[in-house]
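Hi,

Here is the structure I said I would pass along. Have a look at it first, and then read my notes underneath.

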Amino acid sequence: MNQKIAHIALVVEDYDEAIEFYTKKLNFNLIEDSVLSDVKRWVIVSPPGSGGCSLLLAKAANDLQKSRVGNQTGGRVFLFLFTDNFQRDYQNIVDNGIQIVRKPVLEKWGTVAVFADLYGNLWDLIEPL
């Protein structure tokens, strides 16, 4: 058996502002942006150099989905972004005015900081040892 997680849906308020944040501030690549209907698009973004799982930016379509924007995990860290250069990517986050929730700390397994995306979802930025 050979399986993998291809995409993780991230509920967003607006496609274009989410694309702007992820591509301009986090330097993700826009992999696909296809119109599916008058109100729905298939938008995939991925970190540079990633050959694995990507984000499917999914615009909230109803009140229940809108209530989950920015809090898909009840306030826990939701996504984990590994890097080969913590200082470079942390400085990029700072330079782009992205909210730092927890400053960098060195753990037994690597360096980690927590930041919030444009909607408040929490991310770990990690450089593993």
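Below is what I found, starting with the core and moving on to the charged pairs.

One thing before you dig in: this is a predicted model.

**The core**

The largest nonpolar core is made of 28 residues. If you want to know where to start looking, the residues with the most contacts inside this core are Tyr22, Leu26, Phe28, Leu55, Leu57 and Trp123. Both helices and strands feed into it: helices H1 (15-25) and H3 (86-95) each supply at least two residues, and so do strands E1 (7-12), E3 (41-46), E4 (54-59), E5 (77-82), E7 (110-116) and E8 (122-128). Helix H1 gives the most, with 5 residues.

Leu55 is a handy one to centre your view on. Leaving out residues up to four places away in sequence, Leu55 touches Ile8, Leu10, Tyr22, Phe28, Val43, Ile44, Val45, Leu79 and Trp123. Three of those names, Tyr22, Phe28 and Trp123, also turn up among the residues with the most contacts in the core. As background, nonpolar side chains in soluble globular proteins tend to be buried together.

**The salt bridges**

How many salt bridges are there? The count comes to 4.

Arg41 pairs with Asp16, and their closest N and O atoms are 3.0 Å apart. This pair ties together distant parts of the chain, with Arg41 in strand E3 and Asp16 in helix H1, 25 residues apart. Is Arg41 buried or exposed? Arg41 counts as buried because its relative accessibility is 18%, under the 20% cut-off. Its partner Asp16 is partly exposed, at 47%. There is also a network here: salt bridges link Asp16, Arg41 and Asp33.

Arg88 is the other residue to click on. Its side chain meets that of Asp89 in a salt bridge, at 2.9 Å from N to O, and Arg88 also forms a salt bridge with Asp84, where the closest N and O atoms are 2.8 Å apart. As for accessibility, Arg88 is partly exposed at 43%, and Asp89 is partly exposed with a relative accessible area of 21%. Asp84, on the other hand, is exposed, because its relative accessible area is 60% and the exposed class begins over 50%.

That's what I have for now. Happy to talk it through whenever suits you.

Cheers

Methods
Residues numbered from 1 in each chain as written. Predicted model: local features only at pLDDT ≥ 70, side-chain atom pairs only at ≥ 80, totals over all residues. Heavy atoms only, no water. Core = buried A, V, L, I, M, F, W, Y, C linked by side-chain atoms within 4.5 Å. Buried < 20%, exposed > 50% of the residue type's maximum accessible area, 1.4 Å probe, protein only. Helix = DSSP H or I, 4+ residues; strand = E, 2+ residues; numbered from the N terminus. Contact = heavy atoms within 4.5 Å.
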